[in-house]
Amino acid sequence: MPLHFHNSLTRRTEPFAPMQPGQVGLYTCGPTVYNFAHIGNFRAYAFEDLLRRTLAFCGLKVTQVMNLTDVDDKTIRDSRQAGLPLAVFTQRFKDAFFLDLDALRIERAEVYPAATDHIPEMIVLIQTLLDKGVAYVGDDRSVYFSIAKCPRYGQLVHLQPEQMRGGGRVKNDEYAKESVADFALWKAWDAADGDVKWDSPWGPGRPGWHIECSAMSMEYLGPTFDLHTGGVDNMFPHHEDEIAQSEAANGVQFVRCWLHCAHLMVNGEKMSKSAGNFFTLRDLLAKGWNGRELRWVLLGCHYRQSLNFTFQGLADARTTLARLDDFIGRLREAQARPGAAAAPETTARLEQAVAEFQAGLEDDLNISATLAALFNLVRDLNKALDGNVFSGADARAALATLRRLDTVLATLDVDRADDEAPADIRQLADDRLAARKAKDFARADTLRQQLTTRGWTVEDTPAGPRLKKIGG
RNA sequence: GGCGCGGUAGCCAAGUGGUAAGGCAGAGGUCUGCAAAACCUUUAUUCAGCGGUUCGACUCCGCUCCGCGCCUCCA
């Protein structure tokens, strides 16, 4: 089965083939850097990571662009409140964002364009829209896009302008706009903006929110590109407006396939900054969880399914990962066994696992099927390891396969450095082994308790005692 | 009011017009001085409810109930 994705535009799951064979252009809406991103935001970035890794797994070269929104109402408001220049204020949250991406093992995009570095491109685009007569300068010197000039407006969300309920903010702009649903391309400067302003043919001001994505995707991916993603809450108005602007300016289809991920929920409700019910990655790190565990939780649920975040889920992830770690540890030990070539049945089993794994991913990132392929392999190989019919070559072949699967999952840690026990810990373990051999089990248990106290656990295997760091 | 998503075992979660993947937790067993880990076995006569279509539906259609999202801050 070739790659399939659920295209929000058609609301169908369709075969995916890039415009340029072998190369995919991917635009992923990035963060507004006015605060630390919360784990609901990271759900989207983790989904996009799974997507780009899947594309690569399927042999495609990916060019991913993720914008950094570093000028908007909130960045201006909060930087002024902090008494910092906008660029200084936003830099702090850009840095934090990348640290969090690393902790979650999210692969870097090829380009992270910042809105403030692309103002001239946006001005050119806005001028094009004015020249084409689909935009106008309002009484307030702001520039608006006229959705009345855009018959296909609403194609993504299937909303008719007359069906919309007006929101509170509409009133502020109403006097300047021809229609309440028109949106700002350029916002004229006002006192609340402080020193944040750029010169334009329409006077000082700053870009509207949607225009940056149109301008920057065009800049790096061209007028038409393959994939555009974001959270479902960005479908309207953000993505709808991007389509309107871009297609009005270029006269060609903007994006061939849109993917939207569902929300992260907490206690059955959407996690959001405005609702105040959110956790950041730092919150979880402070509670003793790590990025790998959160990554497992975020990836474990299909991207179009809402994910109810719980600490029980994190705890489940921890035990699951421990089981996988133990399995990989067994394989690494088994490499020392004799055997120069992997058995045909091992090779066949590994190939089957890769095929099932890939088939799951190709089916609109069906992570459940993907992970089932992994766990079924783990079970079968554990059984083979128990049976002692598994050679060193079999183990090496299995590890190579796991490395390949981990190019997508990025959680298996096939080649992590072993936590080498310090000398004093090894001494305790040696003493315990001696006590066991002398059948002094009371002393052996005391020594094991001492190891536990110091953060190490010891497992007696047929090959001898094995030391493991607790919670490593 | 408009546009959508979802309700599958204790929890999480796939899936198919022909009779329920996988993970966590639980139970029994093998192994072990005891543990731990691993492995084996086991855990939904049933897929929100009620009708309909069908030889047969959890899967298709209709209705009902419940939860959630979007309708210009939002991943």
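**A protein around RNA strand B: questions at the bench**

Visitor: Which residues come nearest to RNA strand B?
Guide: Bear in mind that this is a predicted model. There are 58 residues around RNA strand B. Out of that set, the ones that come nearest are K74, A181, W209, G231 and N234.

Visitor: How much of what the protein approaches on RNA strand B is sugar and phosphate?
Guide: Here we count the atoms of RNA strand B that come within 4 Å of the protein. The share of them that belongs to sugar and phosphate is 65%.

Visitor: Which residue has a polar side-chain atom by a phosphate oxygen of RNA strand B, at 2.8 Å?
Guide: Let's go through three side chains. D316 puts a polar atom 2.4 Å from a sugar or linking oxygen, and R448 has an N or O atom 2.7 Å from a base oxygen, so by the 3.5 Å cut-off both pairs are polar contacts. Neither of those lines up with your phosphate oxygen; the side chain that does, at 2.8 Å, is that of N382.

Visitor: Which helix gives the most to the surface near RNA strand B?
Guide: Several elements supply at least two residues each, including helix 1 (39–57), helix 10 (311–334), helix 14 (423–437) and strand 9 (225–231). Helix 12 (367–387) is on that list too. With eight residues, the one that gives the most is helix 12.

Visitor: How many residues of that surface are charged?
Guide: Sort the surface near RNA strand B by class and you get 17 nonpolar and 22 polar residues. The charged ones number 19.

Visitor: Are helix 1 and helix 13 parallel or oblique to each other?
Guide: Helix 13 covers residues 392–409, and its axis is 7 Å from that of helix 1. The two pack at an angle of about 140°. Angles over 145 would count as roughly antiparallel, so this pair falls outside that class. That is why helix 1 and helix 13 are called oblique.

Visitor: How many charged residues are in the contact of helix 1 with helix 13?
Guide: From helix 1 come L50, R53, T54 and F57, which meet R404, L405, D406, T407 and V408 of helix 13. By class, four residues of this contact are nonpolar and two are polar. The charged ones number three.

Visitor: Is the crossing of helix 10 past helix 13 left-handed or right-handed?
Guide: These two helices have axes 8 Å apart and an angle of about 140°, which makes helix 10 oblique to helix 13. F327, I328, L331, R332 and A334 in helix 10 meet G392, A395, A398, L399 and L402 in helix 13. The crossing itself is left-handed.

Key. Residues numbered from 1 in each chain as written. Chains lettered and ligands numbered in written order. Predicted model: local features only at pLDDT ≥ 70, side-chain atom pairs only at ≥ 80, totals over all residues. Heavy atoms only, no water. Near = heavy atom within 4 Å. Polar contact = N/O pair within 3.5 Å; in protein donor to acceptor, adjacent residues only side chain to side chain. Helix = DSSP H or I, 4+ residues; strand = E, 2+ residues; numbered from the N terminus. Nonpolar A, V, L, I, M, F, W, Y, C, P; charged D, E, K, R; others polar. Axes fitted to C-alpha atoms, helices over the stretch in contact; angles between N-to-C directions. Parallel < 35°, antiparallel > 145°, perpendicular 65-115°, else oblique. Contact = heavy atoms within 4.5 Å. Left-handed = near helix turned anticlockwise from the far one by under 90°.
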